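Morning, everyone. I have one structure to walk through today. Please have the viewer open.

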Amino acid sequence: MQKTSARLLSLLSLLQARRDWPGELLAERLDVSPRTVRRDVDRLRELGYPIVAFKGPDGGYRLEAGTELPPLLFDDDQAVALAVALQIAITTGAGIEEAAARALTTVRQVMPARLRRRIDTLQVTAVERPTSRPAPQADSTVLMALGAAVHAREVLRFDYTSAPGAGAVPPRRVQPHHLVTWGGRWYLVAWDLDREDWRTFRADRITPRTPTGPRFTPREVPGGDVAAFVADRFRGSDGSGDWPCRGEVILGLPAAEVSRHTIDAVVEALTPNRCRLVVGSWSWPALAATIGRFDADIEVVGPAELKDAFARLARRYADAAGTTTR
């Protein structure tokens with residue numbers, strides 16, 4: 001039989017593994033009597049674990065949520081996953097970097113040596129995408145308020161600043177459906193009650209008002225997939241699931257080389273040194289500039305708007321090349 005302290009840890013680990021445990025099954029797994037299980041449950045309760053007993057043919061025990069966070073048990077894989085997640089928390093934009101660093105220190109201190117070695121050999125350096133200015137951090141309390149409204153399906157009222165330095169607009173009334181991240185920023189996807197349309201709001205520009213409004217029946221986002229819907233909005237799409245501007249060209253480069261530098265595109269090999277590229281963007285000049293970054297001869301297949309965009313860029317580049325500076 002295990003010593004009492006070791007048996008308590010085993011019991012706690014079992015209670016965390018599934019919702020309901022019949023008392024007889026717990027006694028069997030721990031190789032003790034049902035009476036010993038009852039005493040061990042009482043000891044865990046004294047330590048702050050909210051364990052409740054349920055009745056029935058297979059009466060047993062359940063670990064429920066309490067008012068305070070008691071000590072937790074993690075298996076090896078869970079502990080490593082938690083440590084890695086805390087290391088990359090800086091990229092979430094949720095304003096929890098300092099808390100994540102403190103949590104990682106706490107977790108590491110109580111890890112056995114074999115796990116500390118695994119974590120120490122996996123030092124993650126989170127590098128954010130370079131931008132002309134850093135993405136604003138969302139307030140974690142605002143994120144919690146938005147998430148609570150989404151979960152409760154309650155109408156949300158908030159003040160919203162449409163752009164940096166702009167004055168506040170009248171409070172918005174929305175049915176919040178999803179809290180998402182995109183490019184290091186947090187967004188609320190909601191049905192705007194006043195505009196009767198779907199909108200995406202940057203969380204760092206939201207100031208929630210209390211109390212929340214009545215409950216609502218959730219709608220389905222256009223297309224049924226929130227990830228695709230958000231991607232379409234940032235592409236400037238009309239909801240068709242594609243870029244508003246898409247063109248086709250022939251490049252004087254091997255398909256394998258072009259494929260390494262494209263994400264949302266179709267690349268087809270024509271010859272060992274030529275390929276067909278079908279790619280999209282939010283505007284025709286942007287599309288032409290995107291294709292122009294390949295250091296190769298370009299043959300425009302279509303459409304005509306893409307040819308016109310290349311002509312406009314060519315004139316601008318020619319003017320720029322002919323300009324001298326003093």
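I will start with the whole chain, then take two sheets, then a few single residues.

First, a caution. This is a predicted model. The mean pLDDT of the protein chain is 80, and 81% of its residues reach 70 or more. Confidence varies by element. Helix α5, residues 97-110, has the lowest mean pLDDT, at 72. Strand β4, residues 156-160, has the highest, at 93. As a general point, where pLDDT is low, the predicted coordinates should not be read in detail.

Now the overall content. The protein chain holds eleven helices and twelve strands. It has 326 residues, and 31% of them count as buried. Take contacts between residues at least 6 apart in sequence: 55% of these join residues at least 24 apart.

On to the first sheet. It is open, with three strands in the order β1-β3-β2, and the pairing is antiparallel. The edges are β1, 20-22, and β2, 51-54. Each has a single partner strand, so one side of each is left without a neighbour in the sheet. From one strand to the next, the twist averages 30°.

Look at the pairing of β2 with β3, residues 60-63. These two are antiparallel and share four bridges. Phe 54 stands opposite Gly 60 in β3.

Two helices lie across this sheet. Helix α1, residues 4-17, crosses β1, β2 and β3, at about 80° to β3. Helix α3, residues 34-46, lies across β2 and β3, and runs at about 145° to β2.

Second sheet. This one is also open, with four strands in the order β10-β11-β9-β12 and antiparallel pairing. Its edge strands are β10, 265-271, and β12, 298-302; each pairs on one side only. The twist here averages 25° from one strand to the next.

Within it, six bridges join β10 to β11, residues 274-281. One pair to click on: Glu 268 has Arg 276 in β11 as its bridge partner. Helix α10, residues 284-292, packs on the sheet and touches β9, β11 and β12. Its direction makes about 25° with that of β9. Helix α11 lies across β9 and β12, running at about 145° to β12.

Stay on α11. Leu 306 sits in this helix, which spans residues 304-322. Is Leu 306 buried or exposed? Buried, because its relative accessibility is 0%, and the cut-off for buried is under 20%. Beyond its neighbours within four places in sequence, its contacts include Val 249, Trp 284, Leu 287, Ile 291 and Val 300. Arg 246 is 60 residues away along the chain, yet the two C-alpha atoms are separated by 8.4 Å.

Next, Asp 192. This residue is in strand β6, residues 185-192. Its relative accessible area is 0%, so Asp 192 is buried. What does its side chain reach? The backbone nitrogen of Asp 194, at 3.0 Å. Not counting residues up to four places away in sequence, Asp 192 touches Arg 172, Arg 173, Val 174, Asp 197, Arg 199 and Phe 201.

Last, the cysteines. How many disulfides does the structure hold? Zero. Cys 245 counts as buried at 8% relative accessibility. Cys 275 counts as buried too, at 0%.

That is my tour. Over to you.

Technical notes. Residues numbered from 1 in each chain as written. Heavy atoms only, no water. Buried < 20%, exposed > 50% of the residue type's maximum accessible area, 1.4 Å probe, protein only. Polar contact = N/O pair within 3.5 Å; in protein donor to acceptor, adjacent residues only side chain to side chain. Contact = heavy atoms within 4.5 Å. Disulfide = S-S within 2.5 Å. pLDDT = per-residue confidence, 0-100. Pairing = 2+ DSSP bridges. Axes fitted to C-alpha atoms, helices over the stretch in contact; angles between N-to-C directions.
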